[in-house]
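Student: I should like to learn how to read the sheets, helix packing and pockets of a model. Please take one feature at a time.

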Amino acid sequence: MSKIQNIGVLTSGGDAPGMNAAIRAVVRASLYYKLKVTGVLRGYEGLINADFIPMDEKSVANIIQRGGTMLKTARCNEFKTPEGRAKAYENLMASEINALVVIGGDGTFIGADIFSQEYNFPIIGLPGTIDNDLEGTDLTIGYDTAINTVVSAVDKIRDTAESHDRFFIVEVMGRDSGLIALRSGIGVGAEAILIPEAKTGIDDLIERVKHGRKDKSSKIIVVAEGDEAGGAYNVGEILKNKFPHHDIRVSVLGHIQRGGSPSCADRVLASRLGVAAVEGLLEGKTKVMAGQVNKEIVFTPFSRTTKHIDAMQITPAWLKLAEILSL
Ligand code: ADP
């Protein structure tokens, strides 16, 4: 019989839509398997401060459709120190919590990996991030919602851009990766997409504006915040200087991309992975992230889930696709 009787669940790092659906699945699965389940508030900070709340079926009622995270999230530097992690362990022992499900991104998994090794403590991770940048899952919880949020915002911008014959430079999230910009850019029919992985950059954009179709009354240029041109305001300034006769506006979408009701795809992914995490712990799995690859549940060691730009997601073929469609 498994020694696990009380599972702690927390959300950590950047929030993502669908985290609540994941919490709900962990709680309901724990109760289904006759385990206790404890909510930990504000990620690793809650472990260090013993901010624990007992959870039951009702505590996760009516949250599957809500954005954000009911357990709150935080970035916690103290957990990076051995002293901080020692406090966390003492609190877990005192509350008789004997396994954890941590929902977050690569930073959360690095912390979980260290803690789990130090104290031989069972932990399974769930991929909760809008960035879709973790190895071991085709999609992360929150990504689908985030790109749909971008698409619906840019569709609205397109309406006003078209009415006024304007250019809009729209900045989307992605400090290290242009994935959100590339996929949502294709989704909105952008005239150009600037991402850190494509080195064509601002000069190419200027050429395309110079020689591009003149009959288009609006143009949408989607820029990833990490693009080397330096974000949408910089791109806007450069274009305004080059093309003073064009009406050029800038819109930075910002944090709306993290919020909002999760899409059905994110709710279903979070639900499936949440149950898999509890079942995985009961089977003795630890130091792994539960993900979905080719429709199957896959457990990947934390050591391999570290942030990376997945070469499968931004390939020359994807860049060519964007170029063909942007004429
Ligand atoms: P995300 O999980 O979204 O990538 P962060 O990178 O902010 O977010 O990481 C979340 C938390 O994970 C950090 O605030 C910290 O508490 C913990 N963490 C990250 N790196 C380490 C580390 N090297 N050692 C211990 N804990 C870490």
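Tutor: Two strands pair if DSSP finds at least two bridges between them. Helices (H or I, at least four residues) and strands (E, at least two) are DSSP runs, numbered from the N terminus. The model is predicted: local features need pLDDT of at least 70, side-chain atom pairs count only at pLDDT 80 or more, and totals for chains, interfaces and linings use all residues. Residues are numbered from 1 along each chain as its sequence is written, and side-chain values use heavy atoms, with hydrogens and water left out.

Student: What is the order of the open sheet of seven strands?

Tutor: The order is β3-β2-β1-β4-β5-β10-β11, and the pairing is mixed. At the edges stand β3 (52–54) and β11 (296–301), each of which pairs on one side only. Strand β2 (residues 36–40) joins β3 in the antiparallel sense over three bridges; Gly39 has Ile53 in β3 as its bridge partner.

Student: Which strands stand at the edges of the open sheet of four strands?

Tutor: This sheet has the order β7-β8-β6-β9 with parallel pairing. Its edges are β7 (192–194) and β9 (248–252); each has a single partner strand, so one side of each is left without a neighbour in the sheet. Strand β6 (residues 167–172) pairs with β9 over five bridges in the parallel sense, and Val170 stands opposite Ser251 in β9.

Student: How is the packing of two helices described?

Tutor: Two packed helices are described by the angle between their axes and the distance between the axes. Axes are lines fitted to C-alpha atoms, for helices over the stretch in contact, and angles run from 0 to 180 degrees between N-to-C directions. Here helix α1 (residues 19–32) packs on helix α9 (residues 264–282) at about 35°, with the axes 7 Å apart. Contact (heavy atoms within 4.5 Å) involves, among others, Ala25 and Ala29 of α1 and Gly274 and Val278 of α9.

Student: Where is empty space found, and which residues lie nearest the centre of the largest pocket?

Tutor: Rolling a probe the size of a water molecule over the atoms shows where empty space is left. On a 1 Å grid over the protein atoms alone, a pocket is an open set of points where a 1.4 Å probe fits, with protein on both sides within 12 Å along at least five of seven lines; lining residues have an atom within 4 Å of a point. The largest pocket is lined by 37 residues, of which Gly13, Gly14, Arg75, Asp106 and Gly107 lie nearest its centre. Helix α4 (106–119) gives the largest share of that lining, six residues.
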